[in-house]
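Trainee: Please give me a close look at one part of this model, the paired charges, and then show me how that part sits in the whole. I would like to follow it residue by residue.

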Amino acid sequence: FHKTRMIHIKAFTFSPISENTYVLYNDEGKAIIIDPGCYFPAEQETLKNFLSDTGLTPVQLLNTHCHLDHVFGNKWVHETYGLELYIHPNEAQMLELAPVSGERWGLPFQNYNGPIHFLNDGDKVLLGDTALDVILTPGHSPGSICFYLPGQGDLIGGDVLFRGSIGRTDLPGGDAETLLTSIREKLWVLPDETVVYSGHGIKTTIGYEKRNNPFL
């Protein structure tokens, strides 16, 4: 029995912070861009070329959270494809602060300044006739959200859970206890075979992390 992947997932690793940017797309050629981390013009080109070579039309821009490395490319995506940003309300302040972090890390950038739309826990984001479930998982950042595709067992997880690790909690808005609670209550309830596409590093599964993650 092979689960049909209705939604294809393409990952890119961008910026000096090695952040994973995801493009989710269907066979009708519609695409969602999640956490565009393209910092250099060459990285913007890479993303643009993939979209055009694959014949994709981006229809939505999402951030799992708004730390600088996940929002570098928001403005560019907005200007190139006319998309407006969707985030959790608790990330609005993080987005505002991101350029300050950029200066501090020696990675200045121009922030997104278009309209902002809010997604809340339990909301659904549609890509064609497939729904992505929005799961609120604060701790790494106050309004971190994951996007879950129950039909095919995939989770775009942001910086909540990594292979053998968890998101940092020493950044502004981070809280270790909150993060561990999010993982236990929101992610451990998903099927063990759920594939987790993290904001950094390689993918993992819920089952693997339940058995092996030293933080939990």
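Does Asp133 count as buried or exposed?

Mentor: Asp133 counts as buried, because its relative accessibility is 17%, where buried means under 20% relative accessible area, exposed over 50% and partly exposed in between (1.4 Å probe, protein chains only). Before we go on, remember that this is a predicted model, in which local features need pLDDT of at least 70 and side-chain atom pairs count only at pLDDT 80 or more, while totals for chains, interfaces and linings use all residues. Residues are numbered from 1 along each chain as its sequence is written, and side-chain values use heavy atoms, without hydrogens and water.

The partner of Asp133 is Lys124, and their closest N and O atoms are 2.6 Å apart, which makes the pair a salt bridge, that is, a side-chain nitrogen of Lys or Arg within 4 Å of a carboxyl oxygen of Asp or Glu. Lys124 itself is exposed, because its relative accessible area is 54%. So this pair joins an exposed lysine to a buried aspartate. By this rule the model holds five salt bridges.

A second one links Lys75 and Glu79, at 2.6 Å from N to O. Both residues belong to helix α3, four residues apart, or about one turn of the helix; helices (H or I, at least four residues) and strands (E, at least two) are DSSP runs numbered from the N terminus. An α-helix has 3.6 residues a turn, so residues three or four places apart point the same way. Here the lysine is the buried partner: Lys75 has 14% relative accessibility, whereas Glu79 is exposed at 54%.

Lys75 has buried company in α3 (residues 74–81), where Asn74, Trp76 and Val77 are buried as well. Among the elements that cover the buried residues of α3 are β3 (30–34), α1 (41–53), β4 (57–62) and α4 (92–104), a contact being heavy atoms within 4.5 Å. Just after the helix, Gly82 takes a positive phi of about 70 degrees.

A third salt bridge brings the side chains of Asp121 and Lys186 to 3.5 Å, N to O. It links distant parts of the chain, with Asp121 in the loop between β6 (116–118) and β7 (124–127) and Lys186 in helix α5 (residues 176–187), 65 residues apart. Asp121 is partly exposed, with a relative accessible area of 39%, and Lys186 is also partly exposed, at 25%.

Another acidic residue deserves a glance for its backbone. Asp35, in the loop between β3 and α1, has a positive phi near 55 degrees. Most residues other than glycine have a negative phi. Asp35 is buried, because its relative accessibility is 2%. Ser18 also has a positive phi, of about 50 degrees, without being a glycine. Ser18 sits in the loop between β1 (8–14) and β2 (19–25) and is partly exposed, at 38%.

Now step back to the whole chain, which has six helices and 14 strands. Of its 216 residues, 53% count as buried. Among contacts between residues at least 6 apart in sequence, 63% join residues at least 24 apart. The C-alpha atoms fill a box of roughly 45 × 40 × 30 Å along the principal axes.
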